[in-house]
Amino acid sequence: MNYELIDPKLKTLIKVCNQTHNYQKLAALSLVLVGNVLDEIGVKLGIRPRDKDAHEAIFHYMTLLNSILYHNFKMILFQEDVIESIKKTELLFSKHKGNIPMEFISQVYKLYYDFRKLEIPNLFEKLDLEAIAQNSEMRVYSFLSGISEQVKRKKSDQKLKDVIIHGFKEQEIQMQKELNEAYDKEKFEKMITFKNAKVALQQHAGGKIVLRGRLKDNLIYQRSIPNIFGYLMIGLFLLFFVLGLAVAIQTIYHPKLTALISIFSLTFFGTGCFFIMLYRQYFKKGGIV
Amino acid sequence: MMIANTRKQFRILYVLGLLLSFVSLFLEWYIYQVYDSHLSLKSYWSYNPITGWTTVFSENSTVNNTLKPSTFHIPITLTIIYIIMLAVSAYTVIFRDVEQYEELEKLTINAYANIFLLMLMLFYIFAFPVFYLVPNDLYFPFLHVKDKDADMVYQYSIGPGYCLQIFGFIFVFPYALFYYYTVTGFQSQEHSAKNAVAQYVKDIQDPVDMDKLIANEQLKLKFGDDSFDVLEELEIFHPQPIKKRTGS
């Protein structure tokens, strides 16, 4: 949503509605805008949007968001008084068919701007990258994975895993405390990473820590690196093909030289074919190209 | 660690390739020599894309001048563009490293510039023999011809400049393609995810036409007529009794 476009228009509308004393419109609009912002927050967190067909109240939806976040991260996004304020406004709006006191309307607008300030990390982007990682059958392992495997060989990896999980948990609790004091996007992202790592460690039998999301760049590079050698093969093929072509064209100009320079044609085209076969054999599978 | 080193090595190779390509422009791309039956050098001409044909003999040497190959010129504009592209590409790889840069979208032009440079290199490698040498009876890549009637030996061969150009292409190609695919590949992933979420959010949100709302209020203010009111279009203007939560 382009807030830069909406804000001046909203300002104009409030002015005009003040003149026409159409506070009902302002009240309705405030709830619509708040609902929209909450939908955006919900979707970014990977939670379903508000069920408008079933006339799900905004404050119910806020409670839902809170409960999901608390369940997953022990974090409260909307304080109780905020939900209460929205609840009162919604109930009054419903009861009096839009005719609600001005103080309620201004309170909702204030909350609308507060909600907009919440920078929610877009989990869908992370999900998308997870899909890439899964499709390419690749994982980024931290150095801990190597240690963990060795420990597994010694049949004592569980202890190490417990230590790592404990470490993550401690950091997660610290984050939760900080987040409950004041919401911060970066801290929230960090907490998601900790949680993902913890879950991965608990779930993967190999004891490997699957780090996703924040290392997205590395994932892409990891995918690309093996192909550099493939690109080299393609480059060599192109080069020898072009040289072979140049020699072949020469034979059109000077047919008497055909026998003489056929060795060059053979060498160039042959080498070109060798490199393309090498590429197909060893580099094409799972590559970007 | 090994992967990071590989990346670094190819990057160094790329810079080396650019350097070789640049140096090649000042070296001999083609050498034409004529010897007599005693293998004494009678004529020597070498070609460079910037200076054209040059010789080690003095300008007064009649035999050398007589045996001079046909004159041709690779357009100097092309050479200037090539040098500029080499500089741009060097700047790109040294200062706009694809691994360090966070906003990869901004590297798209650089990635395309690298691909353009590759095409220029390939054009030079292909066009030089096909469009300039062969039509002027200069054989490619090497030829040793004995003319028994004239008692002369003619030697045609590509020079170190052209060879460096070939090596430059080999060195530049892998990292240029890696750079391009990394920039475009990552960008498209990010954009598709962003666009998909933005589109979904847009679809599920209540549509609010602020212009229409303002216009209706202004009409009401001017004419006292509220028949244009669009309030009814918004679902929220049909308040329903708030349902009790039945769980998520």
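This briefing walks through confidence, packing, strands, a helix and cysteines in the structure above. It is a predicted model, in which local features need pLDDT of at least 70 and side-chain atom pairs count only at pLDDT 80 or more, while totals for chains, interfaces and linings use all residues. Residues are numbered from 1 along each chain as its sequence is written, chains are lettered from A and ligands numbered from 1 in the order in which they are written, and side-chain values use heavy atoms, leaving out hydrogens and water.

**Confidence in chain A**
- Chain A has an average pLDDT (the predictor's confidence in each residue, from 0 to 100) of 74, and 70% of the residues score at least 70.
- Residues 126-156 of chain A stay under 50 in pLDDT, and the model gives them 48 contacts (heavy atoms within 4.5 Å) beyond four places in sequence.
- Residues 204-220 of chain A are also below 50, with 44 contacts beyond near neighbours in sequence.
- Where pLDDT is low, please do not read the predicted coordinates in detail.

**Nonpolar cores**
- A nonpolar core is a set of buried Ala, Val, Leu, Ile, Met, Phe, Trp, Tyr and Cys residues joined through side-chain atoms within 4.5 Å; buried means under 20% relative accessible area, exposed over 50% and partly exposed in between, with a 1.4 Å probe and protein chains only.
- The largest core holds 78 residues, and B:Tyr30, B:Phe128 and B:Tyr162 have the most contacts inside it.
- Helix α4 (residues 108-133) of chain B supplies the largest share of this core, 15 residues.
- Beyond its neighbours within four places in sequence, B:Phe128 touches several residues, including B:Trp29, B:Tyr47, B:Phe72 and B:Ile74.
- Another core, of 49 residues, lies apart from the largest one and includes A:Ile105, A:Tyr112, A:Met175 and A:Phe188.

**A hairpin in chain B**
- Helices (H or I, at least four residues) and strands (E, at least two) are DSSP runs, numbered from the N terminus, and two strands pair if DSSP finds at least two bridges between them.
- Strands β4 (residues 142-147) and β5 (residues 152-158) of chain B pair in the antiparallel sense over 6 bridges, and B:His144 stands opposite B:Gln155 in β5(B).
- The hairpin has 4 residues between its strands, and B:Asp151 in the turn has a positive phi of about 60°.

**Helix α2 of chain A**
- Of the 22 residues of α2(A), 19 are buried, so the helix is largely enclosed by the rest of the structure.
- A:Gly46 follows α2(A) and has a positive phi, near 80°.

**Cysteines**
- The whole structure has 0 disulfides (pairs of cysteine sulfur atoms within 2.5 Å) over all chains.
- A:Cys273 is partly exposed at 41% relative accessibility, and B:Cys163 is partly exposed at 27%.
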